[in-house]
Structures are given as structure tokens and as C-alpha cells.
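Trainee: I have a new structure to read. Could you take me through it step by step?

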Amino acid sequence: MQRPLGREREIPPLVEAVVKTYDEVSKINHLGLSPLPSREQIIEIITGLKEIVYPGYFGRQNFTRDNITFHIGDRMLSVFRALGQQIYRSFLHECQLASPDCDHCAKAAEQVALDFLGHIPKIRRLLAKDVQATYDGDPAAKSLDEIIFSYPGLEAITVYRFAHELHIMTVPLLPRIMTEYAHSITGVDIHPGATIGESFFIDHGTGVVVGETTQIGNNVKIYQGVTLGAHSFPKDEKGQLVRGRKRHPTIEDDVTIYSGATILGAEAVIGKGSVIGGNVWLTGPVPPGSVVTIESPGLVYRDKSRRPDKQAGG
Amino acid sequence: MQRPLGREREIPPLVEAVVKTYDEVSKINHLGLSPLPSREQIIEIITGLKEIVYPGYFGRQNFTRDNITFHIGDRMLSVFRALGQQIYRSFLHECQLASPDCDHCAKAAEQVALDFLGHIPKIRRLLAKDVQATYDGDPAAKSLDEIIFSYPGLEAITVYRFAHELHIMTVPLLPRIMTEYAHSITGVDIHPGATIGESFFIDHGTGVVVGETTQIGNNVKIYQGVTLGAHSFPKDEKGQLVRGRKRHPTIEDDVTIYSGATILGAEAVIGKGSVIGGNVWLTGPVPPGSVVTIESPGLVYRDKSRRPDKQAGG
Amino acid sequence: MQRPLGREREIPPLVEAVVKTYDEVSKINHLGLSPLPSREQIIEIITGLKEIVYPGYFGRQNFTRDNITFHIGDRMLSVFRALGQQIYRSFLHECQLASPDCDHCAKAAEQVALDFLGHIPKIRRLLAKDVQATYDGDPAAKSLDEIIFSYPGLEAITVYRFAHELHIMTVPLLPRIMTEYAHSITGVDIHPGATIGESFFIDHGTGVVVGETTQIGNNVKIYQGVTLGAHSFPKDEKGQLVRGRKRHPTIEDDVTIYSGATILGAEAVIGKGSVIGGNVWLTGPVPPGSVVTIESPGLVYRDKSRRPDKQAGG
């Protein structure tokens, strides 16, 4: 279409019409205020953190124990700067001063970024146990390397462990942007507010939902399509949703939850060592050491030649 | 592997063998014809449109109400050019003249691109209601900003609202490439042909399917894993699928559909204000104001120590 | 935050603490060893292969039957080099010599890369049948072009067909990185070890899982959320999972499996021509020509005005 674009002169009034809606429908624009966090920058921070916790797998390779310090030092410095900046913007977003600059927010952001870097050794120890739990739980896994390279469950857990640290240091916005990025590339939706113990294993992963106030113990395994969700949404006297209270399940140590199971509400406390079968729907407590399965719904078998096929799913 | 690549001389006959299949299996190549739309360009158009409808969140920041017109004007001009080009290629794809150039298609594409830009104010008003509906429906949402930045349901709805405008202006190919891009990054599969009212909220989103001829009213909420699909695929006298007829559900105003529910077929009209419970499977109409749940399949509880665990899902 | 970054001087001890964990928790780092495959490179190889099998759709356009050989020849040469390199690194990963160089691995990698290129004509013939099966199975598909551009099911099958060839030539690591990349962008998780016949169609796709030892015949259709998984995970006398044995279903020719069905275990042999209804859960064999549906769990209808809504799913 190599044509003179004569009709470009019709654009300006269309621009005016759009810009007018920035006054009229102003709650979905953000103008003249302090800058918001940048999703692109946050994705780069995650990339940098993955190089730090899994050195040799992502980004540059060919490091030795002798020279790795230079590379990781450089990486940690970049992450510190970018993370400090994004935490600052996140704090500013909730700052009561509502000024474009806030020295208090800047200092707090720097402190949180440093504290976060100080937690990386602890996070690495946790991730090593998650990788091992994945290997121990999946007969299709051929090596730890394969898991680190390619398992979406581990990717989602890795990003969750970063985001959760920032969440408990009360950083707004940023942790959720991190976990929703992971959700986007893995299909696994873990809220940064969830509490998750050691040696967590998610297989396949697509469709997993772990809600904000979920508590998960050690050595828990969950499969694709499992929801740990809320059961009811109480409203206050103004009809507004009540936010912040515990409304998701508690999963004790050594529990396995098979694919498609749905466990809803704060009363659903799944006792230590229990096994929840595929497609089970639970809203109450389960005693430790239980196996819960659904009574298989009767299956109807018939000969295809007798009636035309009608059922579909797409 | 710094080796002389002696075996590269064995490549040419392999190339010949592949190129020969371009004659033999020609329906999956596109040679010597007019150019097809470019998926990369279409993704850039979506990026530009998101900057226009949510200014200050994506792309450049630090705009004020005074200078935003320059930036948005520039953005709209770029989108106009790229969109015009991609619409032109899409029209050409179905053009009966089958020539590499078609002045009629070029003019029509320019007109559709201008009309589309003229619809952006309307789209922004709709999106503002979708954002608000998300906030009102999800106690985990801390602010509208968090939703705009990170909610996959809103991302899918945003792209759907762009694509649907192009779909109703009969642009082929392009709208579906847009919504399948959104499907890829959100797990939410909304066909651009679906009709969706105001204040639509999708939570978590992974696994949601909204089929081509679905009609959805205002204030509808759906959760992860909900399918609004087809129930049977009638064929014509030649055994070919009949395309285009209504074959998906109608969801009236104020309906909520919980996770994993499956609603299939044009006869499934879900009446105003109804609530469809998790995992419900429906193929017929539901009167207004109904609550439909499944009879919980009996759960079998037993003590784990009595039989080895056999059930799995991965 | 334009502040003097005085606190950067606090970074070095934090770096030391992290680097110390590379000794302590060494199983998730890879230092001083031969290079691992690069996920970025593998994604580029997939991009190149898609240009070769679907010329004119992805990457550069405007080729004719006369000049396409130059472009495809150039592409195949690049793929040969990159693939040879990545296969080499994958072989080296399992090489018993554990040296940073292995001439035997290099030669084997070159051979496998050449053999793989020689299989592309066969792969194109298979993909053409997959595209046609998608068109024949989905009334929403308007053209083959739309399918090649935008159907996630076809994307996942395309990458699987590449990865499976490498898998049967015993390349470690690389095939799984390929299919998990496809999983990430499509929500469809097909293990490269699965065996899949001609004319395979996956609709919508999100949440589909096809396990390592699954066998699928010709003309099989599956919908979103279908799991073809394992049923039990036997351990050896040391308590380690037994890896490699058949533990997934067999799906014979002409079978259709609707959304959300779960079929688990090697004993689940679904006979030719059968139809498995939505949400069915199966762990045993089904005779040829069967239609298997669940006894619809009774639905409970009530008037919403009588009791407050409590059920939720998010």
C-alpha cells in the first residue's frame, strides 16, 4: 500500500476526541503524577535474579568458581539499582505526600532493596529444595538441569519466592506484577501474599491458582488445574468487599493434591499427610492422614453406532 | 564445537528436498502472492493501542495533561499507518481479484483504520467499566493501577475489545491473530466474534474459553476454567462443517459463573442474575434469578495408612 | 530517585554471601563445566524451523517459487549451525568423559543435525495434515491461513513434531526445552516422548497435558483441559521413582476427547473410534466404538432470592 497517506490529515480531531476522554474517564490514565513502576524493568530484574540464583543456566555461561564473583557482583549491583528504583516508585504510589519526590520513600526503597539482596542466600536454599522435590516427584524428569531449564512449576515458584520477600517487606504493586508475569508465561497463578513452605512441587502447572491468604506447609505437591481459592466474599456495611482477611485454605505438611481439585475457603484445613484426589471439591477441613476422592460419577458406556454424537466442548 | 564445518556441503540436497515439498504440500506455504499480515506488526499495534487507552501505564511515562496530546497524537499516527497496512493485507487475503495490489482494498483499509480510531473513546469508556468491575469483584485487588498493570483477565478483555471492533467492520484474519496473541499471554481465549456487554470481569482467567457466537450481557463475572462453548457441529450435505451459525450460549446481565463450569450450545440461555456454581455442566436454558450447583459428588474419606496411594494426575 | 548511591558500598559482602552458597547449595549452579544448551538459542531454532515449514507466514515474506530456495537454503544453514551446537551441548551434558570438549559428541551432534534436516519433508507432510484436521474439526476456523497464524494447538503440535524427532534420535535436554517453550506460549504441555499419529487436532488447548509415554493414533481430536497422564508412580527398592516405563494411556485412531476429561495410566487403552465426553475420569480400557459420558451429576436449581450466594471459585 504505497499510497500518499492523504487521510492522515483526518487524524488530529480523532486524537482530540481520545485526549478528551482522559478528563472524562480519568481513572484509567496516569498523567502528571509521579512515575509508576515499569513492567519491562521488573521483568529485567527477574531475569537478573534468575542468573544470580541459578548461575550458569541463564544469561552468560562459562564461569568458574574463580571468576563467578565478578559476574555476580556486577549483576547484583544492576539488580540493586533497578530494584531500588522500582521499589521507590511502588512506595511513592502509596505515599500520602503525593509529591513527585519523597526522600523518605527513597531511603526506605534503598533499605528494602539491600535487605532483599541479603535474603538471596535463604531463597537459594529454598529453591534448591524445590528443585529436588520436583525431581523426586516426577518420573519424567531426567535431571535437575532439565527442571531448572524447563519446568513451568519451578519458574512460577522461583518468581513467587522473590515476590513474597518483597511482599512481606510491604512493597506494594511490584510483587504482584512479578507473579502475574510468571502467571503469563507458566499458567500458574500464585499470589505473592501466599505462605509456602519448603520443597514445594507443582507438576504441569497450567491452571493452578494459589490465593492471597493461602498457607502451604512443607513437602506439598500439587498438579495442574488445582485451585486454592476463596469461598465467599463478605462485604462491609457500604457494600464494599472486605479486603485482607484470611479467606483461603491451609494445606499442612506432606499433602498431595491431584489435578483439577478445588479447595475453597479459610475453613478448608487439609491435615498433614493427606491426599486429595483429582477433581475433588472441598470447602471444609480434612483430618490428617486422610485420602479424599470423589465417588466416581457413574460412567455411561454405549455403542457409538446407536445414536449420533452430540456432546462437544469447544 | 570449533570444528571446520565440512558437512555443510551436505545441506544443499536437503534444501532441495524441502523446497520440493512446497509444490507437493503447498497448502501450508504462501509463495508468490500478496503479503500476509505480520503477527509481529499486529503485536506492535496492540502495544501502541494499550499506550493510548491506558496512558502513563505502559511505554513512556511522565506525561502531563498539557503535553500528552503530542505523545498520543504521534502514537495514533503510527497505529493508523501500521493498522492500515495490516487491514489492507487482511482484505487482500480475501480479495476476489487475487492481484498483488488492489486499490479498492487499500481505500477500504484506510477507512476502517480511521473508523477504528474514532471508536477509541467508546472503547476507553468500556474499559474503565471493566477495570472498575474487576476492583469491585476481587478482594485481592489493592488498586485500579494493580489491575491495569497485572490482571490477565483485563489484558484479554482489552485486546478483545480492540479485535471485536475490527471484527464487526468485517476485517478478516487480523482480529483473530490479536485475540490469540492475548490467549497466548493470558490463557484466556475469547473469540473476536463474541458479543460482550459492559463491566465484564474475568478472575485468574487461565483456561477460560468464550466461543465465536457467545453473547454476554452487562455485569457478568467469570472465573478460571469456564468454557462457553459449542455443543454439536452440524455438517452440510457434503459432510463439511456448517460455519457461522449461532452455536454458543447466551449469558444475560448480572450472571456469575464460577470456576470450571462448562456451558455449551445455543440453547443454553442463562437468565439474568443467575449464579452458576463451580464445575456445573449445562447445555440448556436456566431461568432468571437461578442458582445452579452440582449435587456434590459424594466424597470418600479413608485413612491413608490402610491402602497405598494410587491416584495421580500427572 | 536521583540520589548518590552511597549504599552501593554495602553490596560486596552481600555478593560474598551469595557466592558462598554456590559451594553450599551447588546442585542448582553450573560452574566451570562444559556449557549447557541455551534456551534463547533453542527458541531461535524453533523460529527458523517455523519459517522453513510454513514459508511466507513467519519472518520474511514476498518469496516466489523461483527465489525461495535461496532464502530457505540460508535459513537451513543457520539452523544447522545453531542446532548442531545445541545438540552438541546436550550430548556433552550426558557425556561420560565429562571433559569440556568431546570429539565423539561433536561428530554425533553434526550427524543428528543433518538427519533432522533430512526429516523436514516428512514433518511438513504431517503438519499439513494437522492443519487440515484443524480446519475440518473447527467451525470457527475461516481458513488454513488463520490456523497457521494463530491456533495455539497447531503451534504446540508443530514444536512437538520437531522435538519428537530429536527425542527419538536420543538427544537429551533439548527436546524438552523446546516443548516447554511451546507449553509456555500455548498452555499445551506435550512431552517430546509421546507418540502421535497423523491429523492430530487440539482445540483451544489451554490446560492440555500429554504425558511422556502416551501413544496417540491417527485422526484424534482433543479439547482444552484434557489430561493424558500417569496413574501411579512406582518406586524401586531404594525408594526412588522408576523412570522410563510406560505409564500413560494409549489413544487409538479416530478418537475424540472432550474438554476437561482425564485419562490416566497405561491400562487406559481407548479403542478406535470412541468418544470420551467432557469431564470423564478414566483409568481403564474402553472398547472400540464406545461413547463414554459421565452420568450428569444432578444439578440443583434454586431461586437466588431464597439464600445468600456463598459459592465461589477465586
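Mentor: We will go from the ground rules to symmetry, then interfaces, then strands.

Mentor: This is a predicted model, in which local features need pLDDT of at least 70, side-chain atom pairs count only at pLDDT 80 or more, and totals for chains, interfaces and linings use all residues. Residues are numbered from 1 along each chain as its sequence is written, chains are lettered from A and ligands numbered from 1 in the order in which they are written, and side-chain values use heavy atoms, with hydrogens and water left out.

Trainee: By what turn can chain B be laid on chain A?

Mentor: Superposition here is by least squares on the C-alpha atoms of residues with pLDDT of at least 70 in both copies. A turn of 120 degrees, with a shift of 0.0 Å along the axis, lays chain B on chain A at an RMSD of 0.0 Å. The two copies are thus related as by a three-fold rotation axis. They use different surfaces: 17% of the contact residues of chain B recur in chain A. Contact means heavy atoms within 4.5 Å.

Trainee: How many residues does the contact take from chain B and from chain A?

Mentor: Chain B gives 86 residues and chain A gives 78 residues. Now take buried area: the accessible area (1.4 Å probe) that two parts lose on being put together, summed over both. Between chain B and chain A that is about 7400 Å², with 58% from carbon and sulfur atoms. Arg124(B), Pro139(B) and Phe149(B) supply 10% of the area that chain B buries against chain A, more than any other three residues.

Trainee: How many salt bridges cross the interface of chain B and chain A?

Mentor: Look for a side-chain nitrogen of Lys or Arg within 4 Å of a carboxyl oxygen of Asp or Glu. The rule finds five salt bridges there. One of them joins Glu8(A) to Arg81(B), at 2.6 Å from N to O. By class, the side of chain B that touches chain A has 40 nonpolar, 30 polar and 16 charged residues. Ala, Val, Leu, Ile, Met, Phe, Trp, Tyr, Cys and Pro count as nonpolar, Asp, Glu, Lys and Arg as charged, and the others, Gly among them, as polar.

Trainee: What is the area buried between chain A and chain C?

Mentor: Chain A and chain C bury about 7300 Å², 58% of it on carbon and sulfur atoms. The contact takes 86 residues from chain A and 77 residues from chain C. The salt bridge count is five. Among them, Arg65(A) meets Asp23(C), with the closest N and O atoms 2.7 Å apart.

Trainee: Which strands pair between chains A and B, parallel or antiparallel?

Mentor: Helices (H or I, at least four residues) and strands (E, at least two) are DSSP runs, numbered from the N terminus. Two strands pair if DSSP finds at least two bridges between them. Strand β14 (residues 290–294) of chain A pairs with β15(B) in the antiparallel sense, over five bridges. Ser290(A) has Asp303(B) as its bridge partner. Between chains A and C, five bridges join β15(A) to β14 (residues 290–294) of chain C, again antiparallel. There, Val300(A) is the bridge partner of Thr293(C).

Trainee: In what order do the five strands of the open sheet in chain C lie?

Mentor: The order is β1-β4-β7-β10-β13 (chain C), with parallel pairing. The edge strands, β1 (189–190) and β13 (281–282) of chain C, each pair on one side only. Two bridges join β4 (residues 209–210) to β7 (residues 227–229) of chain C. Val210(C) stands opposite Leu228(C) in β7(C).
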